[in-house]
Amino acid sequence: MIARVCYRVSGNSVAPPGRGIGTARDRGHAMPLARLRKFRIGRHLRRVAADRRGAAVIELALALPILTVFLFGIVSGGSWLAMSHIVQESANEGARAALVGITPSERATLASQGALQTLARSYGIRSEDISLKVDDDGRQLTVKVTYDGSANPLLKLPIMPAATTVIQRQASVVLAGF
């Protein structure tokens, strides 16, 4: 009786087990209670499985950490590459500037000025973090530039650390003869 009342409220007609199944009054509408429960639960599960609301949020929650690591890697690697290029360019410019000097001391001064001017036009590299060394033996001049980027925040990102914080580059030019 309780099953019949409960399922009539929901719009279904169920005869109590063992009585009324297949009678003229309930024919076509009555079904065993266990079969009805399977049908309703299956229908509910199919509806939940077909529901796509919230799927994008779950996908974002899974993908966002990976994308964040890639983003920090791109920023950190790109910054290191840009600073490495700037240090190399300053060594090149210092070596080119030294070509016009006559004495070794004049060439060393011109090389230092040329390298520091190139670094002054760059971003994020302070002259206090640079060490310059000019080797001049009369035939070949070598400018060595070393940048200590341990204080640079772009090279110290927590997720993707840079390859190294000390960048060393050098450039050489021939002064006399070929």
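**Exercise 1. Work out which strands helix H3 lies across, and how H3 is angled to E3.**

Solution. Start with the helix itself: in this predicted model, H3 covers residues 55-98 and lies across E2 and E3. Now compare directions: H3 runs at about 25° to E3. Then bring in the other helix on the sheet, H4 (residues 104-120), which touches E1 and E2. The direction of H4 makes about 150° with that of E1.

**Exercise 2. Describe how H3 and H4 pack against each other.**

Solution. First, the geometry: the two helices pack at an angle of about 145°, and their axes are 7 Å apart. Next, the hand: H3 and H4 make a right-handed crossing. Last, the residues: H3 brings Ile86, Glu89, Ser90, Glu93, Gly94, Ala97 and Ala98 to the contact, while H4 brings Arg107, Leu110, Ala111, Gly114, Ala115, Thr118 and Leu119.

**Exercise 3. Put the strands of the sheet in order and explain why E1 and E3 each have a side without a neighbour.**

Solution. Begin with the layout: three strands make an open sheet in the order E1-E2-E3, and the pairing is antiparallel. E1 (130-136) and E3 are the edge strands; each has a single partner strand, so one side of each has no neighbour in the sheet. From one strand to the next, the twist averages 15°.

Now go pair by pair. E1 and E2 run antiparallel and are joined by seven bridges; in that pair, leucine 132 has valine 145 of E2 as its bridge partner. The two strands form a hairpin with three residues between them, and glycine 138 in the turn has a positive phi of about 95°. Moving on, E2 (residues 140-148) pairs with E3 over nine bridges, again in the antiparallel sense. You can check the register at two places: glutamine 140 stands opposite valine 174 in E3, and threonine 142 has serine 172 of E3 as its bridge partner.

**Exercise 4. Find which residues touch the most other members of the largest nonpolar core, and say where the core residues come from.**

Solution. The core has 19 residues, and Ile125 and Tyr147 touch the most other members. As for the elements, H3, H4, E2 and E3 each give at least two residues to this core. H3 supplies the largest share, seven residues. Now look around tyrosine 147: beyond four places in sequence, its contacts include Met83, Val87, Ile125, Ile130, Leu155 and Val166.

**Exercise 5. Place valine 166 and decide how exposed this residue is.**

Solution. Valine 166 sits in strand E3 (residues 166-174). Its relative accessible area is 35%. That value falls between the cut-offs of 20% and 50%, so valine 166 counts as partly exposed. For contacts, skip neighbours within four places in sequence; valine 166 then touches Thr146, Tyr147 and Asp148. Finally, try a distance: valine 166 and aspartate 129 are 37 residues apart along the chain, and their C-alpha atoms are separated by 9.8 Å.

**Exercise 6. Is serine 122 buried or exposed, and what does its side chain reach?**

Solution. Locate the residue first: serine 122 is in the loop between H4 and E1. Its relative accessible area is 18%. Buried means under 20%, so serine 122 is buried. Now follow the side chain of serine 122: it reaches the backbone oxygen of leucine 119 at 2.6 Å.

How values were computed
Residues numbered from 1 in each chain as written. Predicted model: local features only at pLDDT ≥ 70, side-chain atom pairs only at ≥ 80, totals over all residues. Heavy atoms only, no water. Helix = DSSP H or I, 4+ residues; strand = E, 2+ residues; numbered from the N terminus. Buried < 20%, exposed > 50% of the residue type's maximum accessible area, 1.4 Å probe, protein only. Contact = heavy atoms within 4.5 Å. Pairing = 2+ DSSP bridges. Axes fitted to C-alpha atoms, helices over the stretch in contact; angles between N-to-C directions. Polar contact = N/O pair within 3.5 Å; in protein donor to acceptor, adjacent residues only side chain to side chain. Core = buried A, V, L, I, M, F, W, Y, C linked by side-chain atoms within 4.5 Å. Left-handed = near helix turned anticlockwise from the far one by under 90°.
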